[in-house]
Amino acid sequence: SAAAAWWQNAVVYQIYPRSFADSDADGIGDLQGIIEHLDHLAQLGADVLWLSPVYPSPHADNGYDISDYQGIDPLFGTLADFDRLLAAVHERGMKLIMDLVVNHTSDEHPWFTASRDGGPTGPKRDWYIWRPPRPGVEPGTPGAEPNNWGSFFSGPTWTRDEASGEYYLHLFARKQPDLNWENPEVRQAVHAMMRWWLDRGVDGFRMDVINLVSKDPALPDGPVPPGARHGDGSASYVCGPRIHEFLAEMHREVFAGYPRRLLTVGEMPDVTVEEARRFTDPANRELDMVFQFEHVSLDSGPGGKFDPRPLRLTDLKASLGRWQTGLAGTGWNSLYWNNHDQARAVSRFGDDSPEYRTRSAALLATVLHLHRGTPYVYQGEELGMANAPFTAIGDFRDIESLNHYREQVAAGADPEQVLTALRARSRDNARTPMQWDATDHGGFTTGTPWIAVNPDHRTVNAKAQLADPGSVFHHYRRLIELRHTEPAVTHGDFRMLHPDDERIYAFTRHHAAGGTELLVLANVSGEPVETTVPDGWAGTETLLTNVADAAPLTSPHTLQPWEARIHRRA
Ligand code: TEU
């Protein structure tokens with residue numbers, strides 16, 4: 001196996017710039033705001049900053065719709081500000097990775113306007129995916145789309161261009177046309193743009209929906225799930241026919257040209273563990289790691305993410321355990337509960353009531369960070385930030401949430417029921433501003449924030465938590481420190497214990513080379529739970545707990561509500 005890479009021992013902190021820190025009072029976060037708060041990341045011990053998109057964009061999807069890959073949106077600052085940020089990150093011994101969004105561009109990107117306005121025979125037509133209407137159906141009417149696929153953001157994946165009468169494909173919003181990766185000129189342009197950022201000094205990329213870029217050119221209709229309005233085209237584009245070829249080519253054309261070791265992580269909806277092993281096997285020279293979605297899909301019903309169901313702990317353990325085993329010795333896992341697309345972990349998997357909020361947030365962190373892989377912390381997660389108390393549809397900003405609401409209500413759904421699902425699952429839960437202090441708007445802005453700050457910032461904020469050794473922040477800091485000092489956290493073999501227990505999450509990490517073994521025990525419930533403890537662990541050293549008065553480990557042992565503890569033995 002290849003020598004250990006620096007990112008195996010690293011923790012990545014994700015910043016969603018729009019919601020992190022606003023330095024110029026326009027209500028939207030910016031690069032200068034990030035620079036002013038870099039010490040927060042350094043105090044936490046983060047090794048890498050992943051920056052969600054900061055490129056020029058019409059912001060139909062908050063920057064995931066890019067109109068210029070080689071610039072900075074004036075909302076966020078300038079290229080000079082970016083260079084200052086990168087230097088400030090490097091001065092602190094951290095690294096910075098960019099968000100690479102190349103499944104699609106904005107419809108305002110010059111590539112797309114040229115493709116559209118040049119018409120069917122224009123030189124850039126083939127940079128995007130254009131098709132004539134379905135024969136036999138009146139063009140422009142529902143059903144005339146080239147196929148039946150539904151978009152991730154509601155409605156069909158096709159929008160008609162009036163001038164030519166043809167349709168372009170967009171797996172996401174109509175303002176996010178998909179690039180045609182079959183065209184080698186498109187791939188070359190993407191590679192050149194990536195080299196431009198790497199030459200500027202960035203340390204790698206997080207690659208947006210990168211497993212969707214290779215489509216079966218036949219674009220066949222997909223099956224229509226019961227009750228759904230559109231077909232599911234995923235069989236034609238999830239890890240499509242040429243995906244491994246495209247990523248190996250990107251590795252050759254881009255990454256291989258840099259002597260320094262980069263970090264590349266591919267975001268991959270619906271990726272299987274078998275595919276992930278192939279993507280992340282260093283021998284294949286594709287990617288370092290992927291973001292998989294299995295563990296954040298277990299609490300959804302047949303209707304998808306807006307059809308929430310209670311999570312069974314046994315399902316979560318079976319899933320994460322399979323990913324641990326599946327990539328062991330070959331690939332590498334990314335570990336996350338949260339990002340800018342997911343509801344807040346403490347509200348979704350923990351207990352955000354005043355009684356157990358701190359403890360359950362710290363438990364979730366303990367369990368995640370002690371799995372084998374690279375942990376990702378999403379801004380505010382290290383404070384135990386919770387879902388927002390959204391009341392009306394006017395409180396939401398996200399295109400996915402707004403489109404879903406509009407579509408469901410138009411189809412006759414009860415608006416209150418749709419809102420209930422949005423409150424649990426809307427991406428806006430993750431996008432309320434960072435809570436820096438107890439002042440108005442949480443110290444995020446002195447202007448009017450683009451989305452309301454969670455009113456709980458009066459008690460839940462970075463300033464208060466830095467001053468409190470029992471805070472969620474300091475628990476994350478200690479977990480990161482443990483990863484940096486105890487090799488078993490990074491390298492130990494993972495073994496799940498008690499797989500059938502609905503309340504206990506327990507596993508060991510055995511590091512033969514270091515002669516150490518770790519035991520993680522967590523009570524994922526609000527009741528005390530007695531659990532058996534494997535032989536030889538009673539009385540061992542407690543490395544870290546989330547309770548003030550942790551009793552020495554006995555066998556059996558009764559864990560307090562939401563208690564988590566890490567033990568070590570030689
Ligand atoms: O997300 C891709 C994705 O599949 C989902 O997480 C998606 O955001 C949605 O929640 C599906 O229900 C990536 C980005 O992370 C997301 O912010 C973008 O909106 C999307 O791609 C398009 O670029």
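# Exercises on helix packing and burial in a predicted model

In helix α12, the residues I399, E400, S401, H404 and Y405 are buried. The exercises below concern a predicted model.

## Exercise 1. Helix α12 and its partner

Determine what the buried residues of α12 pack against, and classify the arrangement of α12 relative to α13.

*Solution.*

1. Check the length of α12. At 1.5 Å a residue, its 12 residues should span 16 Å, and the end C-alpha atoms are 16 Å apart, so expectation and model agree.
2. Identify the cover. The buried residues of α12 pack against β11 (304-308) and α13.
3. Take the axes. Those of α12 (residues 399-410) and α13 (residues 415-425) come within 10 Å and cross at roughly 155 degrees.
4. Classify the angle. Angles over 145 degrees count as roughly antiparallel, and α12 is therefore roughly antiparallel to α13.
5. Assign the hand. The crossing of these two helices, α12 and α13, is right-handed.
6. List the contact. From α12 it involves S401, Y405, Q408 and V409, and from α13 it involves P415, V418 and L422.
7. Sort the contact of α12 with α13 by class: five residues are nonpolar, two are polar and none is charged.
8. Inspect the chain just after α12. There G412 adopts a positive phi of about 100 degrees.

## Exercise 2. Helix α15 and its surroundings

Establish which residues of α15 are buried and which elements cover them.

*Solution.*

1. Compare expected and actual span. The 14 residues of α15 (residues 472-485), at 1.5 Å each, should span 20 Å; the end C-alpha atoms are 20 Å apart, which agrees.
2. Name the buried residues. They are V472, F473, H475, Y476, R478, L479, I480, L482 and R483.
3. Name the cover. For the buried residues of α15 it includes the helices α2 (38-44), α11 (357-369), α14 (462-466) and α16 (487-491), together with the strands β13 (374-378) and β18 (541-545).

## Exercise 3. The packing of α11 with α15

Describe the geometry and the contact of α11 and α15, and place A365 within this picture.

*Solution.*

1. Choose the descriptors. Two packed helices are described by the angle between their axes and the distance between those axes.
2. Apply them. The axes of α11 and α15 are 9 Å apart, and the packing angle is about 15 degrees.
3. Classify. Angles under 35 degrees count as roughly parallel, and α11 and α15 are therefore roughly parallel to each other.
4. Assign the hand. The crossing of α11 and α15 is right-handed.
5. List the contact. α11 contributes T358, A361, A362, A365, T366 and H369, while α15 contributes V472, H475, Y476, L479 and R483.
6. Sort by class. The contact of α11 with α15 comprises six nonpolar residues, four polar residues and one charged residue.
7. Turn to A365, which belongs to α11. It has 27 C-beta neighbours inside 10 Å, so A365 counts as buried.
8. Resolve its partners. With residues up to four places away in sequence left out, A365 touches H475, Y476 and L479.

## Exercise 4. Burial of K317

Decide whether K317 is buried or exposed, and find its contacts outside its own sequence neighbourhood.

*Solution.*

1. Locate the residue. K317 sits in helix α9 (residues 313-327).
2. Count its neighbours. There are 24 C-beta neighbours inside 10 Å, so K317 counts as buried.
3. Set aside neighbours within four places in sequence. K317 is then in contact with M496, P499 and Y505.

## Exercise 5. Backbone conformations in loops

Characterise the backbone at L219, C239 and P556, and state the burial of L219 and C239.

*Solution.*

1. Begin with L219, found in the loop between β7 (204-207) and α6 (234-237). Although not a glycine, L219 has a positive phi of about 45 degrees. With 18 other C-beta atoms within 10 Å, L219 is partly exposed.
2. Continue with C239, which lies in the loop between α6 and α7 (243-253). This residue, C239, is not a glycine either, yet has a positive phi of about 50 degrees. Burial requires 20 or more other C-beta atoms within 10 Å; C239 has 20 and is therefore buried.
3. Finish with P556, in the loop between β18 and β19 (557-559). The peptide bond leading from S555 to P556 is cis, with omega near -5 degrees.

Technical notes
Residues numbered from 1 in each chain as written. Predicted model: local features only at pLDDT ≥ 70, side-chain atom pairs only at ≥ 80, totals over all residues. Axes fitted to C-alpha atoms, helices over the stretch in contact; angles between N-to-C directions. Helix = DSSP H or I, 4+ residues; strand = E, 2+ residues; numbered from the N terminus. Parallel < 35°, antiparallel > 145°, perpendicular 65-115°, else oblique. Left-handed = near helix turned anticlockwise from the far one by under 90°. Contact = placed C-beta atoms within 7 Å. Nonpolar A, V, L, I, M, F, W, Y, C, P; charged D, E, K, R; others polar. Expected span 1.5 Å × (residues − 1). Buried ≥ 20, exposed ≤ 12 C-beta atoms within 10 Å, placed from the backbone.
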